[in-house]
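Welcome, and please load the model in your viewer. We will go from one selection to the next and say what is there at each stop.

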Amino acid sequence: MRAMLFTWRTALSVLVAQGILVQCDARRNGEIASISSHIRSLVPASVASASSSSAPAVSEDDDGGASTNIVVTGFNFVKDQIQSTISGIGECYSDHKLCDSIRKKQGEYKRGLKAEWEQLGLDKKEIGQKLKEVKGGITYDEFRTLRRGKEDRNKVFQFFVTSTFAPKIMPYLMMASPERFLPSPFMKARNASTLRAGETRLEANQRLRSHSIFRMLINLEQTASVAKPSLFLRKNQIEKTKKLVEVTQMGLQSQISESTMLDALESRIFTEENNKSEISLSNLPSKFVRGLSEMISSKQQFSLYPGFLLRAEVLNYLRKIQEEDDFLVQSSTPLTELAQTSLVDACETRMIGVVGRQRQEMESKLADWLNRACVEPQKRVQQSSSELVYNGNLARSALLCYNAIESVQDQRANCLPKLLVQQGGSQEKEDVDV
């Protein structure tokens, strides 16, 4: 009973804090509007008229409809939370019914294959093994719907288990990482709150990912420059980070291709024995794993968050990509038949730049990914005389970082870190031409 009262008190405190933050945001927006009006008064009339013709008109007194009363703000916040909760529960139920219909469709397809294989004289054990590997019978969109439903069920289970056995820390976990407990329908409003004015979700993800890339490179360089090991930074971690920094510098200076990068890691991607530390990415520096986790989540992770949990999240993300790759390859799904939203989401999941790119370019990039991460390794393992072990986690991690850095250097992006890289590259090119 005390634990439940503590949980409700903490939730009420969070609610009041949220109302205060909204109140501060409203006041800050009013100050920004007054500063903007003062700046516009200093701009010549000719420049102001030219800029106003290309920009949407915004009223100086418009505060977005936000009330300055903290009680009204708190009431509106509670009302919005209740409405989003009701709509989220309804959407979860609709997704559950949709997943049931997709599973029935896939079950009928497998029963048809089972009947054909029984007529061919295959034994039950062999039929069972082949049915486990069957990926067909459904479309790529239906496959992603099934996987999303499975993830949402796991999140709901984790929420009830944690709230039952650890109710005191549950509010803090929800504040720190709500995406680990809230199903996908409940995360839409939270994801929309991170967007800037006039910014799309894809542009926001690319902007936040560029911040993660710069943070990772800075953290790697700082770790490599440490002179003496300490309690929290061992000598082998410093040596691994130094090697990774050297390889990264060489790659960025010479602008290597994906094939050259994978060839440099060939001895670690293809091995003759099952090295669990390599497959679990335990041999990679912790700063690299943290940076990769931030690029995946498009946000800065808590500094005290345990490294093994970040590594587990990265491995879970790589497993999802592997399942998608296997489905696209085994089902022989033509990329030209994918819906535009599905193609964009598939490229976004693999950190392939999508902002400003045409459909043909995205299809080509996705096809290259499938070829390098799935098709070619499978052929090499099958044609090898010895038993090779393919470390798909390391290969996909390298490809993810390559695509993310390539998106930073893309001239079609317009956020501040990318503009810094682009201006530096263009200046260097101009100096060389001169």
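In which helix is Gln 106 found? Select Gln 106 and you will land in helix α3. Keep in mind throughout that this is a predicted model.

**Stop 1: Gln 106 and its surroundings**

Stay on Gln 106 for a moment. Its relative accessible area is 16%, and because buried means under 20%, Gln 106 counts as buried. Now show what is around this side chain. Once neighbours within four places in sequence are set aside, Gln 106 is in contact with Gly 136, Ile 138 and Leu 146.

**Stop 2: where α3 meets α4**

Next, select residues 70–119 for helix α3 and residues 124–132 for helix α4. The two helices pack at an angle of about 145 degrees, and their axes are 11 Å apart. If you look at how they cross, α3 passes α4 in a right-handed crossing.

Which residues form this contact? On the α3 side, pick Lys 110, Leu 113, Lys 114, Trp 117 and Glu 118. On the α4 side, pick Ile 127, Lys 130 and Leu 131. Colour them by type, and the contact of α3 with α4 divides into four nonpolar residues, four charged residues and no polar ones.

**Stop 3: the whole chain**

Zoom out now. How many helices and strands does the chain have? There are 18 helices and two strands. Colour by accessibility, and buried residues come to 32% of the 434 residues in the chain. For a contact map, take the contacts between residues at least 6 apart in sequence: 69% of these join residues at least 24 apart.

**Stop 4: salt bridges across the chain**

The count of salt bridges comes to 18. Let us visit some of them.

Begin with Asp 345 and Arg 201, which form a salt bridge with their closest N and O atoms 3.4 Å apart. This pair links distant parts of the chain: Asp 345 is in helix α15 (residues 340–349) and Arg 201 is in helix α8 (residues 201–224), 144 residues apart. Arg 201 is partly exposed, with a relative accessibility of 42%.

Now move along α8 to Arg 215, and show Glu 294 with it. The two form a salt bridge, and the closest N and O atoms are 3.2 Å apart. Arg 215 lies in helix α8 and Glu 294 in helix α13 (residues 286–297), so the pair ties together parts that are 79 residues apart in sequence. Are these two partners buried or exposed? Arg 215 counts as partly exposed at 22% relative accessibility, whereas Glu 294 is buried at 6%.

For the next pair, select Asp 325 and Arg 396. Their salt bridge has its closest N and O atoms 3.1 Å apart. Asp 325 sits in helix α14 (residues 307–330) and Arg 396 in helix α17 (residues 392–408), 71 residues apart. Both Asp 325 and Arg 396 are buried. Extend the selection to Arg 147, Glu 151, Lys 320, Glu 324 and Arg 350: together with Asp 325 and Arg 396, these residues are joined into one network by salt bridges that share partners.

**Stop 5: the loop between α15 and α16**

Go to Met 351, in the loop between α15 and α16. Check its backbone torsions: phi is positive, about 60 degrees, although Met 351 is not a glycine. Met 351 counts as buried, at 1% relative accessibility.

Gly 353 is found in the loop between α15 and α16 (359–383). Gly 353 is buried too, at 5% relative accessibility. Add Glu 406 and draw a C-alpha to C-alpha distance: Gly 353 and Glu 406 are 7.8 Å apart in space and 53 residues apart in sequence. Leaving aside neighbours within four places in sequence, Gly 353 is in contact with Gln 206 and Ser 407.

**Stop 6: Leu 281**

Where is Leu 281 found? Look in the loop between α12 (276–279) and α13. Leu 281 has a positive phi of about 65 degrees, although it is not a glycine. With 2% relative accessibility, Leu 281 counts as buried.

**Last stop: two cysteines**

Finally, select Cys 99 and Cys 374. Cys 99 is buried at 1% relative accessibility, and Cys 374 is buried with a relative accessible area of 3%. How many disulfides does the structure hold? It holds zero.

Methods
Residues are numbered from 1 along each chain as its sequence is written. This is a predicted model: local features need pLDDT of at least 70, side-chain atom pairs count only at pLDDT 80 or more; totals for chains, interfaces and linings use all residues. Side-chain values use heavy atoms; hydrogens and water are left out. A disulfide is a pair of cysteine sulfur atoms within 2.5 Å. Buried means under 20% relative accessible area, exposed over 50%, partly exposed in between (1.4 Å probe, protein chains only). Axes are lines fitted to C-alpha atoms, for helices over the stretch in contact, and angles run from 0 to 180 degrees between N-to-C directions. Helices (H or I, at least four residues) and strands (E, at least two) are DSSP runs, numbered from the N terminus. A crossing is left-handed if the near helix is turned anticlockwise from the far one by less than a right angle, and right-handed if clockwise. Contact means heavy atoms within 4.5 Å. Ala, Val, Leu, Ile, Met, Phe, Trp, Tyr, Cys and Pro count as nonpolar, Asp, Glu, Lys and Arg as charged, and the others, Gly among them, as polar. A salt bridge is a side-chain nitrogen of Lys or Arg within 4 Å of a carboxyl oxygen of Asp or Glu.
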